[in-house]
Amino acid sequence: MQTDIIERLAGIGSGSPLAEALKARAEIMRLSDASHEAVLRPKTPGGLSHALRAALAARMAAWLGNDALAAHYRALLQDAGEEAGSGQAAEDLAATVATTESLPAERRLAAIVRHVDLVTREPREATRADIEALRAAGLDEADIVRLSELAAFVNYQARVIAGFRCLQDVM
């Protein structure tokens, strides 16, 4: 398992005051890394492949303005494509999911992209009707939960990284 993802992407240098402060919170950082693995590369991905998860995470991170996090997820997407023996398919998926001018033609994917955009950009606007739209597009309850976990985790990660970057500026 890759470790210290948040610290690495926030640019926290070894021995820096923030790195020293985080030693007291090592368990939280370990749990964040474990959550990363559970959400992005679970042993049983259900109806959300590892490649799709990475592509959606890259989209959310880019929208949140975190280029390092988006690059991290694009690398995971590339790895997922190579592991599945479908590198070109992963690249095509990334291009499809990254398109902001129009949603993908495929109904299920369009609903998924719409939902992650909504909960990333305007989470307070999400309603039961948005969950019903996912069901209508063919997602089962377990995949709706998986998608919600993914969106929540990527948004958490981006915010923690942004907070750490701000702290480094004042430390």
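What pLDDT does the protein average, and what share of the residues score at least 70? This is a predicted model, and the average pLDDT comes out at 85, with 84% of the residues scoring at least 70. Confidence varies along the way: helix α8 (residues 128-136) has the highest mean, 95, while helix α6 (residues 87-98) has the lowest, 62. Where pLDDT is low, the predicted coordinates should not be read in detail.

Now for two helix pairs, set side by side.

| Helix pair | Angle between axes | Axis distance |
|---|---|---|
| α4 (residues 50-63) and α7 (residues 107-121) | about 35 degrees | 10 Å |
| α3 (residues 26-40) and α9 | roughly 145 degrees | within 10 Å |

Take α4 and α7 to begin with. Their crossing is right-handed. On the α4 side, the contact is made by L52, L56, R59, M60 and W63, and α7 brings L109, I112, V113, V116, D117, T120 and R121. Sorted by class, that contact has eight nonpolar residues, three charged and one polar.

Helices α3 and α9, on the other hand, cross in a left-handed way. Here M29, S32, S35, H36, V39 and L40 of α3 meet E149, L150, F153, Y156, Q157 and F164 of α9. The class count for this contact is seven nonpolar, four polar and one charged.

Helix α9 (residues 141-170) deserves another look. It runs for 30 residues and reaches 44 Å from its first C-alpha to its last, close to the 44 Å expected at 1.5 Å a residue. And where α9 starts, D140 gets involved: one of its side-chain oxygens reaches to within 3.2 Å of the backbone nitrogen of A142.

Technical notes: Residues numbered from 1 in each chain as written. Predicted model: local features only at pLDDT ≥ 70, side-chain atom pairs only at ≥ 80, totals over all residues. Heavy atoms only, no water. pLDDT = per-residue confidence, 0-100. Helix = DSSP H or I, 4+ residues; strand = E, 2+ residues; numbered from the N terminus. Axes fitted to C-alpha atoms, helices over the stretch in contact; angles between N-to-C directions. Left-handed = near helix turned anticlockwise from the far one by under 90°. Contact = heavy atoms within 4.5 Å. Nonpolar A, V, L, I, M, F, W, Y, C, P; charged D, E, K, R; others polar. Expected span 1.5 Å × (residues − 1). Polar contact = N/O pair within 3.5 Å; in protein donor to acceptor, adjacent residues only side chain to side chain.
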